[in-house]
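User: Please take a close look at a single part of this model, and follow its contacts outward from there. Keep it brisk.

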Amino acid sequence: MKHFLTVILLSLGLVACGTSSNDNKDAGNKERAIIIKSSNFNGDFYDGWTNTVDDNNVRKLVWGEGLLAQTPTGERIPSKIIENLTKSKSDPSKTNDDVWTFKIKDGVKFSNGKELTAEDVKFTYDFFMNDVELQKTGATSTLNQFIDKVELDKENNSVSFYFKDMIYIIDEYMMQYIMNKDIIEVGAKKDGITVQQWVKANISTPTGNGPYKIVEYVPSQYVKLKINPYYEGNYEGDKPSIKTLILQNIPSETAMNQLVAHEIDISSGVTSEEDIDVVTHDPNLTTNEYLRHGGGQLTFHTDFGATKLEEVRKAFAYMLDRIKFREILIGKYAIETNAPFSRNMWMMYDDDEKIGTPSRFENTLTSYDIIDENGNWDEKANVKEARKYLDIAVKKTEGEYKNLTKVNGNYLWKGKPLELTFGMSAMWVDPVNLTLTKKIQQEVGMLINIESIDWSILSKHLYGSAPLSERRYNIFAGSTAYSIKTDYSTTKADRILPFGQGVTSNTTRYAISDDILYRMRYADPSSEEGKIQYKKAFREYINVINQHLPQLPLYTNIYFDAYSSDIIDYETNPMWGFPYAIIKAKIK
């Protein structure tokens with residue numbers, strides 16, 4: 001099993017149904033469009049800005065690979081646009097090769113037929129390393145933290161990267177999608193704005209070098225893509241044969257009916273017990289099964305209102321029957337989780353343990369569900385534990401604790417009844433309402449104001465870019481997708497921007513110890529000692545989340561990707577979602 005590291009990207013919910021296209025009239029035609037179920041899009045199809053998982057899927061289809069490509073096992077290797085990669089030392093005293101030189105293959109083209117050269121590579125990295133101009137448009141990038149400079153050798157069509165530090169995930173920074181320099185510079189000059197401003201203004205119309213290109217985007221409805229004839233191929237050189245893809249915004253309430261009726265062809269990440277039973281028993285559908293590399297969670301804003309207090313967050317956790325929640329939302333395919341990890345992660349396991357099973361380390365984490373002797377959620381015990389934590393907080397008087405008081409048995413925040421506002425998209429509303437009942441709220445003494453809101457609006461509150469005057473959410477419900485590698489730098493204190501002053505990637509607004517982050521970041525990726533160091537620091541990170549609760553995991557689960565049985569060679573796994581798998585897929 002390869003070694004995988006992960007990062008959190010949040011995507012919340014499903015929204016209104018979009019309009020279908022007319023490309024799928026003949027279901028028996030090999031030339032038909034393949035319609036793929038999606039949720040709503042932000043339309044942020046350039047990297048760096050906020051996005052849903054579905055925006056990110058569009059990016060993967062449009063951009064393909066950067067200088068390095070991903071394999072199904074999570075390895076990073078030179079992409080097909082690279083002729084060769086050489087590594088060297090900027091100084092003989094250096095321990096690691098800190099200069100990487102990529103020679104771009106001659107004749108590589110963008111989807112518009114324009115040549116992709118080393119100049120485009122340098123332009124792309126300079127674009128994202130210009131923190132001042134980038135942040136003015138609401139985008140973020142960490143490239144500048146680890147890349148010292150980028151040098152262009154125009155004559156040899158190569159570009160050299162000089163790294164400030166050789167960190168554990170250094171190859172991740174070579175995955176940046178390469179942008180078309182000429183289009184952006186000409187457009188920016190014509191409009192009299194910076195290149196960052198131009199990209200932001202044209203964020204839904206990218207020109208990439210990936211397997212597909214966008215031919216039509218209707219906001220809140222669908223994205224239609226066709227094959228890019230200039231694509232160089234994936235890590236093995238494979239190129240797509242399915243000519244047209246339509247990523248359709250489909251409400252979860254109708255998705256299964258539409259899949260069975262062949263109105264859509266692919267639905268990834270089928271999770272509910274009822275839906276899984278449908279797709280696994282339909283002879284006209286095929287399924288791929290695997291452990292999800294992500295899960296569902298609640299994110300607390302730990303710098304706002306009563307959720308500033310750890311005890312309030314823990315009280316909320318104990319009043320939420322996560323067992324019942326999982327049964328309602330997922331059913332028998334749900335798996336308990338108590339921290340933001342995946343069972344696909346090697347760091348969770350000792351050498352004698354099998355990846356994918358509950359590990360010894362996992363079993364040391366605190367569960368915020370008290371279970372009775374019959375294996376059921378013990379309402380009385382959980383309510384008692386929730387009130388215990390609120391009483392602990394009431395006894396403290398320093399700082400924000402002075403705002404929580406108890407009068408005649410009632411908990412107050414700044415003199416008013418203790419109340420938290422819980423934002424979520426539509427798919428969460430019923431399971432939450434059936435779990436956080438008024439009875440439980442009254443027994444604990446904490447009111448929960450549940451609001452259903454569109455992700456595009458809710459995300460601005462989650463990421464802190466909404467106006468400060470509109471701030472009201474303590475808790476956010478969402479799904480969590482993990483990437484291959486991360487150094488968890490989003491949890492650094494300096495990644496928390498003041499609310500209302502731009503996008504912050506630290507969605508919990510909670511700072512993890514710099515010491516833990518440092519030891520993860522600077523573990524040597526090429527030595528066994530480095531792997532041991534990373535694993536130890538990673539487990540400390542997981543323990544902090546578990547104990548201090550800036551996030552409350554609700555579940556992970558077994559995923560089923562369901563698709564029409566006339567689609568063949570479509571192989572997905574936790575590291576290899578549909579934007580990668582569709583390249584090799586064919587229609588019978």
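Analyst: Start with one cross-strand pair: Val150 stands opposite Phe161 in β8. The model is predicted. That pair belongs to the contact between β7 and strand β8, residues 158-163. The two strands pair in the antiparallel sense, over 6 bridges.

Now widen the view to the sheet. It is open, has 4 strands, and runs in the order β5-β6-β8-β7. The pairing is antiparallel. Which strands stand at the edges? They are β5 (82-88) and β7 (147-153). Each has a single partner strand, so one side of each is left without a neighbour in the sheet. On average, neighbouring strands here are turned by 15 degrees against each other, direction ignored. In general, the strands of a sheet pair through backbone hydrogen bonds, in a parallel or an antiparallel way.

A helix covers part of this sheet. Helix α2, residues 118-129, lies across β6 (99-104), β7 and β8. Against β7 it runs at about 155 degrees.

Back to Phe161. Leave aside its neighbours within four places in sequence. Its contacts then include Val99, Trp100 and Phe102. Val121 and Tyr125 are also among them. So are Ile147, Lys149 and Val150. Leu67, Asp98 and Met174 complete the list. Phe161 also ranks high in the largest nonpolar core, which has 99 residues. Those with the most contacts inside this core are Leu67, Tyr125, Phe161 and Met174. Leu67, Tyr125 and Met174 are in contact with Phe161 itself. A second, separate core has 61 residues, including Ile323, Phe325, Met424 and Leu552.

Lys149 has a further role in the geometry here. It lies over the face of Tyr162, at 4.7 Å from the ring centre. Another lysine is placed over a ring elsewhere: the charged end of Lys388 sits over Tyr389, 4.9 Å from the centre of the ring.

Next, the aromatic pairs. A search of the whole structure finds 29 of them. One of these is stacked: Tyr168 with Tyr534, 4.6 Å centre to centre and 20 degrees between the planes. Why does this pair tie together separate parts of the sequence? Tyr168 lies in the loop between β8 and α5 (181-191), while Tyr534 lies in helix α16 (residues 528-548), so the pair joins parts that are 366 residues apart in sequence. Tyr168 and Tyr534 are both buried. They also belong to one aromatic cluster, together with Tyr488, Phe538 and Tyr541.

For a second geometry, take Phe300 and Phe316. Their pair is edge-to-face, with 5.9 Å centre to centre and 85 degrees between the planes. Phe300 lies in strand β14 (residues 294-300) and Phe316 in helix α9 (residues 310-319), so this pair ties together parts that are 16 residues apart in sequence. Both Phe300 and Phe316 are buried.

Last, another open sheet. It has 3 strands in the order β16-β17-β18, with antiparallel pairing. Its edges are β16 (404-407) and β18 (416-417), each with a single partner strand, so one side of each is left without a neighbour in the sheet. Strand β17, residues 410-413, pairs with β18 over 2 bridges, in the antiparallel sense. Leu412 stands opposite Pro417 in β18. Helix α11, residues 379-395, lies across β16 and β17. It runs at about 110 degrees to β16.

Conventions: Residues numbered from 1 in each chain as written. Predicted model: local features only at pLDDT ≥ 70, side-chain atom pairs only at ≥ 80, totals over all residues. Heavy atoms only, no water. Pairing = 2+ DSSP bridges. Axes fitted to C-alpha atoms, helices over the stretch in contact; angles between N-to-C directions. Contact = heavy atoms within 4.5 Å. Phe/Tyr/Trp six-rings, centres within 6.5 Å; stacked < 30°, edge-to-face > 60°. Buried < 20%, exposed > 50% of the residue type's maximum accessible area, 1.4 Å probe, protein only. Lys NZ or Arg CZ within 6 Å of the ring centre and 35° of its normal. Core = buried A, V, L, I, M, F, W, Y, C linked by side-chain atoms within 4.5 Å.
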